[in-house]
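Work through the exercises below with the sequence and the structure at hand. Each task is followed by a solution that proceeds step by step.

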Amino acid sequence: MTKYLIAAIAIGAAIWWALYSLTSGGANAAMFAYEDPAVVSEGQAIYEAQCASCHGADLAGQPDWQIGDAEGVLPAPPHDENGHTWHHADGLLFEITKFGTSEVVGSGYKSNMAGFEDVLSDDEIRATLAYIKSTWPRHIVERHNQFNAAAEVN
């Protein structure tokens, strides 16, 4: 009986992971084409229209982005090499952009970063993130690629 229960749990987990990867933009589904000029150009236009008002036209974020306001909400972080965006694998960046930070982080985390699920297509989200990644120095891109590789293993 125990081995059937374990098998059922394993099958359930495999099905969940497959559905998660297909529907939520898991790491493999969200790899960013940061070296494709057409994708990057599209992403830059989307960033300027949808993201720059909070994260800055130069991707520098809002002042004091690491200090929360009276309600504990942090200002918009930078997406350049000085921020922490590149510390997160593609899959997580995709999910945060699509669903919003509070939804992804959970546990009562407060953020003004709403999801773009009803505003941008998955390809538009990927293009925007490709643009952001294309602005990083080569050594940061290489480190980010290492985060992606580690995320794919896990």
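**Exercise 1: a pair of opposite charge**

In this predicted model, D122 forms a salt bridge with K98, and the closest N and O atoms of the two are 2.8 Å apart. Work out which helices this pair ties together, and classify each partner as buried, partly exposed or exposed.

Solution. Begin with the positions: D122 belongs to helix α6 and K98 to helix α4 (residues 90–99), so the pair ties together parts that are 24 residues apart in sequence. Turn next to accessibility, where under 20% means buried and over 50% means exposed. D122 has a relative accessibility of 28% and therefore counts as partly exposed, whereas K98, at 11%, counts as buried.

**Exercise 2: pairs inside one helix**

Find how many residues separate R126 from D123, and E142 from R138, and state the distance between the closest N and O atoms in each salt bridge.

Solution. R126 and D123 both lie in helix α6, where they are 3 residues apart, about one turn of the helix; the closest N and O atoms of their salt bridge are 3.2 Å apart. R126 is buried at 16% relative accessibility, while D123 is exposed, with a relative accessible area of 55%. E142 and R138 both lie in helix α7 (residues 138–153), 4 residues apart, again about one turn of the helix, and the closest N and O atoms of this salt bridge are 3.7 Å apart. E142 is partly exposed at 42%, and R138 is partly exposed at 46%. As a last step, E142 and R138 can be placed in a network of salt bridges that also links E35; the structure holds 4 salt bridges.

**Exercise 3: two helices in contact**

Decide whether helix α2 and helix α6 are roughly parallel or roughly perpendicular to each other, and describe the residues of their contact.

Solution. The axes of α2 (residues 37–50) and α6 (residues 122–134) come within 7 Å and cross at roughly 100 degrees. Angles of 65 to 115 degrees count as roughly perpendicular, and α2 and α6 are therefore roughly perpendicular to each other. Residues making the contact include V39, V40 and I46 of α2 and A127, A130 and I132 of α6. By class, the contact divides into 8 nonpolar, 4 polar and 2 charged residues.

**Exercise 4: confidence**

Establish where in the protein confidence is lowest and where it is highest.

Solution. The mean pLDDT of the protein is 83, and 80% of its residues reach 70 or more. Confidence is lowest in helix α1 (residues 2–23), at a mean of 42, and highest in α2, at 98. Over residues 4–30, pLDDT stays under 50. Where pLDDT is low, the predicted coordinates should not be read in detail.

Definitions and conventions
Residues numbered from 1 in each chain as written. Predicted model: local features only at pLDDT ≥ 70, side-chain atom pairs only at ≥ 80, totals over all residues. Heavy atoms only, no water. Axes fitted to C-alpha atoms, helices over the stretch in contact; angles between N-to-C directions. Parallel < 35°, antiparallel > 145°, perpendicular 65-115°, else oblique. Contact = heavy atoms within 4.5 Å. Nonpolar A, V, L, I, M, F, W, Y, C, P; charged D, E, K, R; others polar. pLDDT = per-residue confidence, 0-100. Salt bridge = Lys/Arg side-chain N within 4 Å of Asp/Glu carboxyl O. Buried < 20%, exposed > 50% of the residue type's maximum accessible area, 1.4 Å probe, protein only.
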